[in-house]
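Student: I'd like to go through this model with you and see what stands behind each label. Could we start with the strands?

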Amino acid sequence: MRVIAYTQKCIASGNCVLACSDVFEQRDSDGTVHILNERPALALLKKVRQAVDLCPNQVFTIEDEANQSELVVVENDQAV
Amino acid sequence: MSNEQGVNIQVQDVQQEAPLHFPFPLADHSLELPKEYTELQAKCPVARVKMPYGGEALLLTRHADVTKTANDARRCGNILGSDGDVPRQEVASRTREGSLFTVTPERHNQIRRLVTQAFTVKHANEMRPGVVALTNRLIDEMELKGQPADLYEDYAIKTPMAVICELLGIPYEDEQLFREWGRDLLSRTATREEQQERWEKMVQYITPLIEKERANPSNSVLGMLVKNREQGDDVLTEQEMLSFALGLVAAGFETTSTSFTNSAFVLFQSPDLLEQLKARVDDEDAMASAIEEILRITLLGAGGRPRIVREEVELSGIRVPPGEVLMLSFFAGNKDPEVFPDPNVVNFDRTPNPILSFGRGIHACLGQQLARMEMQVLWTTLLKRLPNVRLAVAPSEVPWRSNDSATIGPAHLPVVW
Ligand code: HEM
Ligand code: SF4
């Protein structure tokens, strides 16, 4: 599973951090999402998935969801 | 993530039945979601309702529809002054130029990001010890004054008020004034003139504080706004700055104090839930999970949040044309069985728990991590210090708010311990 965070959409709600602080943090400058670990342990897959669902502004897109043997989380600062 | 449904659902126009009157009345001394919501959720997800000051709107009660609408600020925007006299819940429209609710979506995030550093999970946690100390002081004072105490006045309102004052950098001594603003901002019966009068008073009050920040900038939210304005980035107009700062005062304390007081009114009548909560006071994660569930079930208002359709949208297979006013019921969405199995069962370990209490989309609550932290601390301190706390009078004797306010619930909460 590949998760992309479109940071320009981020409204700094902090919900991803609540769901999985091993992978997500908020930047000190403006509270927007920052990925701490682009290749988190597979054990975190469920928590990452929860972060995606709890994000209030659909900042994340999921690709290749069926593949549960790999977990990649990356940032993308392009406008969407 | 939204489920793009509608592939094999036939798109229909709204069925025009006899519209119900909105907002639906609550039973006397009850904070139960009126049954109309869940009935409509099951049978009529896009329901035509008659608004109290004329006109009709469409009420959305399903989690998926509320989320889809709130997430689509382009097609479903906030109501602007230029929309004129649209159906609404208040006597007079409350739109004000330059507020977070009336700027364009692009500008909105620009403005919001000027201050978001003060609303992160990290910052809320940094403020936590101060709030723990404060709530303990408030309990000390309640103990000194003796029983019964008013849990709303003496505890629930003072905590968020102190937090928002500290955050903004405005003097707590003036809390009575802020309460008046809060009351007025939430009033459904204030006329346009009354609103304007209050606005001018608020501006008069805050102007010297802004001058002080200009001379001597601090790290407060007001300081952040002023600094930005001074940098001449042309990011913030004077009106936007005032509107944001003043809006925060009201948004910051009414919601949290009402959430706490209303949840206390409900839990004091559910000894079993109260016991479950007490068992969690030494476990921050378990408490956080319980508070999330408490936020899911705690009703704060009897209406909905408005949006206006700018471009045709499809909701639950129903086509909604531009110009329609939508009322989003975040509280009904919180009871949607499609998302929350056994929605009427209170389950402090519910996971996942995608509550709508803080809204969705670009306007989702800015203060939600502060609010969560405050709710967690308010409940933890109360149950640690006064484990036998309970209502001092029968539930039906608890003084209730007048119904011209957008928030509902006890006006005072007399308790003994
Ligand atoms: C339990 C307490 C709270 C609840 C239930 C709550 C609920 C909400 C909801 C539902 C919205 C979205 C309204 C809409 O989409 O139309 C919202 C927006 C907002 N809230 Fe809260 N809130 C709470 C506490 C706070 C606190 C403590 C603050 C500030 C310190 C705050 C500041 C705001 C602001 C500024 C907005 C507007 C955001 C925007 O338009 O971008 N709220 N809140
Ligand atoms: S949950 Fe979404 S909006 Fe909130 S901080 Fe994380 S990415 Fe940003």
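Tutor: Sure. In chain A, 3 strands make an open sheet with mixed pairing, in the order β4-β1-β5. Before we go on, this is a predicted model, where local features need pLDDT of at least 70, side-chain atom pairs count only at pLDDT 80 or more, and totals for chains, interfaces and linings use all residues. Residues are numbered from 1 along each chain as its sequence is written, chains are lettered from A and ligands numbered from 1 in the order in which they are written, and side-chain values use heavy atoms, with hydrogens and water left out.

Student: What makes β4 and β5 of chain A edge strands?

Tutor: β4 (60–63) and β5 (72–76) of chain A have a single partner strand each, so one side of each has no neighbour in the sheet. Neighbouring strands of this sheet are turned by 20° against each other on average, direction ignored; the axes behind such angles are lines fitted to C-alpha atoms (for helices over the stretch in contact), and angles run from 0 to 180 degrees between N-to-C directions.

Student: How do you know that β1 of chain A pairs with β5(A)?

Tutor: Two strands pair if DSSP finds at least two bridges between them. Strand β1 (residues 2–6) of chain A is joined to β5(A) by 5 bridges, so they pair, and they run parallel. In one of these strands, β5(A), N76(A) is the bridge partner of Y6(A). Strands themselves are DSSP runs (E, at least two residues), as are helices (H or I, at least four), numbered from the N terminus.

Student: And which strands are at the edges of the open sheet β1-β9-β8 in chain B?

Tutor: Those are β1 (12–13) and β8 (313–315) of chain B, each pairing on one side only. Between β1(B) and β9 (residues 318–320) of chain B there are 2 bridges, and the strands run parallel. Q12(B) stands opposite I318(B) in β9(B).

Student: Why is C365(B) called a donor to the iron atom of ligand 1?

Tutor: Donors are N, O and S atoms within 2.8 Å of the metal (3.2 Å for Na, K and Ca). The SG of C365(B) is 2.3 Å from the iron, so C365(B) qualifies, and it is the single donor from the protein. Water is not among the atoms, so sites may look incomplete. C365(B) lies in the loop between α13 (330–333) and α14 (368–385) of chain B.

Student: What makes A12(A) worth a second look on phi?

Tutor: Most residues other than glycine have a negative phi, and most peptide bonds are trans. A12(A) is not a glycine, yet its phi is positive, about 60°. A12(A) is in the loop between β1 and α1 (15–19) of chain A.

Student: Which peptide bond before P352(B) is cis?

Tutor: The one from T351(B) to P352(B), with omega near -10°.
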